[in-house]
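Colleague: I should like to learn how to read pockets and a central strand from a model of this kind. Could we proceed feature by feature?

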Amino acid sequence: MTPHATVEAVRSRAFTIPTDKPEGDGTLEWTSTTLIVVEVEGGGAKGVGYTYSHSCIVALIGDVLADAAVGRDCLDPPAAWLAMRRGVRNLGREGLAATAISAVDVALWDLKAKLVGLPLASLLGRLREAVPIYGSGGFTSYGDDEVSEQLSAWVGRDGCRWVKMKVGSRPDRDPARVRAAKLAIGEASLFVDANGAYQVEQALSLAHVFAEEGVCWFEEPVSSDDLEGLRRLRERLPAGMELAAGEYAYTCDYARAMLDADAVDVLQADASRCGGITGFLRIAALCEASHTDLSAHCAPSLHLHAACAAPRLRHQEWFHDHVRIEQMLFDGAPVASAGVIRPDLTLPGLGQVFKGADAEPYRVA
């Protein structure tokens with residue numbers, strides 16, 4: 001352990017990686033994903049964090065967040081987190097700024113755990129040895145056969161008990177797509193995610209159709225900004241179907257507002273958006289106090305150790321695009337087995353090494 005070490009440098013790079021196929025959901029289509037990797041140095045060690053965002057935050061990290069973090073105690077990431085949040089006050093704390101803070105915060109926690117010689121999960125305090133996952137993809141840009149093949153592989157190969165597909169871009173086609181997906185996965189549970197594409201009454205009507213196919217999770221049926229609409233839907237969904245949302249909570253205040261509005265059965269939180277490990281654990285504490293289950297959104301390699309420590313955590317999203325990128329570019333990225341992922345407790349920090357040489361062809365900033 002290196003006592004009294006301070007943060008000496010904060011650096012970031014951006015990499016844009018093409019998707020393996022065009023991807024789409026209820027409100028957006030894309031053909032690439034941008035990974036922002038942050039390295040923080042101090043005490044003779046290096047911490048690594050990342051987020052999925054826009055390459056423009058590289059300048060924000062270098063010009064603003066580095067000034068807030070450099071010179072801080074390496075063993076006190078929440079102090080740097082607070083300084084970074086104050087540093088972006090006049091820029092706006094949500095959106096791009098929140099993703100930038102998230103990446104730096106993860107790197108700071110990775111650095112701290114390395115300095116004390118512990119896996120991050122052990123440093124935070126493990127409540128579980130493994131994290132259940134649900135396969136996630138089934139994009140609206142895929143044909144029915146592609147959706148069925150992808151979802152059934154998560155069930156058969158990875159042992160997932162739940163899988164999720166996208167809906168909403170063509171509501172008239174959604175019942176048939178859901179029916180085909182359920183036929184492919186057999187007894188596994190099916191989730192659907194509309195990414196806010198529907199209106200309240202439309203979502204309610206489709207919920208009853210989806211329920212006939214055993215759908216038990218309806219994610220963002222309407223915009224997450226419509227807390228009243230989410231609450232009204234939650235109260236009227238078919239028995240056995242839960243409403244989930246929260247992936248766009250960039251602050252703890254937003255997560256608390258969603259919980260206070262009784263808008264969800266399960267709250268989602270994304271450490272690559274909500275302020276990194278520090279923000280994720282604060283939202284986990286809100287869920288514990290509200291007796292509401294928590295689900296970790298996307299970026300499974302980033303969440304794994306914090307997910308082991310989070311009370312009321314139900315599962316981790318095993319999102320196709322992020323799993324592919326993380327296994328391409330990080331040594332030590334988790335591999336699914338029997339429906340769970342496990343941290344490597346023989347390695348300090350997040351237990352991962354960024355493969356910079358492999359990523360360099362994708363670098364954009």
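The dialogue below treats the pockets and then one strand of this predicted model.

Colleague: What volume does the largest pocket have, and which residues are the closest to its centre?

Modeller: The largest pocket has a volume of about 670 Å³. Its lining comprises 30 residues, and the closest to the centre are Leu28, Tyr52, Tyr248, Arg273 and His322.

Colleague: Which element supplies the largest share of that lining, and how do its residues divide by character?

Modeller: Strand S2 (29-42) gives the largest share, four residues. By character, the lining of the largest pocket holds eight nonpolar, eleven polar and eleven charged residues.

Colleague: How should the second largest pocket be read?

Modeller: In the second largest pocket there is about 220 Å³ of space. Of its 14 lining residues, Trp154, Arg157, Asp158, His320 and Val323 are the closest to the centre. Helix H5 (144-156), S11 and H12 each give two or more residues to this lining, which divides into seven nonpolar, three polar and four charged.

Colleague: Why is strand S5 described as largely enclosed?

Modeller: Buried means under 20% relative accessible area. Five of the five residues of S5 are buried, so the strand is largely enclosed by the rest of the structure. Trp162, Lys164 and Lys166 lie on one side, with Val163 and Met165 on the other.

Colleague: Which strands pair with S5, and in which sense?

Modeller: S4 pairs with S5 in the parallel sense over three bridges, and Gly137 stands opposite Met165. The β-α-β crossover from S4 through H5 to S5 is right-handed. S5 and S6 also pair in the parallel sense, over five bridges, with Asp193 as the bridge partner of Lys166. S5, helix H6 and S6 form a right-handed β-α-β unit.

Conventions
Residues numbered from 1 in each chain as written. Predicted model: local features only at pLDDT ≥ 70, side-chain atom pairs only at ≥ 80, totals over all residues. Heavy atoms only, no water. 1 Å grid on protein atoms, 1.4 Å probe; cavity = no way out; pocket = protein on both sides within 12 Å on 5 of 7 lines; lining within 4 Å. Points joined across faces, edges and corners; volume = space filled by probe spheres on them. Nonpolar A, V, L, I, M, F, W, Y, C, P; charged D, E, K, R; others polar. Buried < 20%, exposed > 50% of the residue type's maximum accessible area, 1.4 Å probe, protein only. Pairing = 2+ DSSP bridges. Right-handed = clockwise from strand over helix to strand, strands pointing away.
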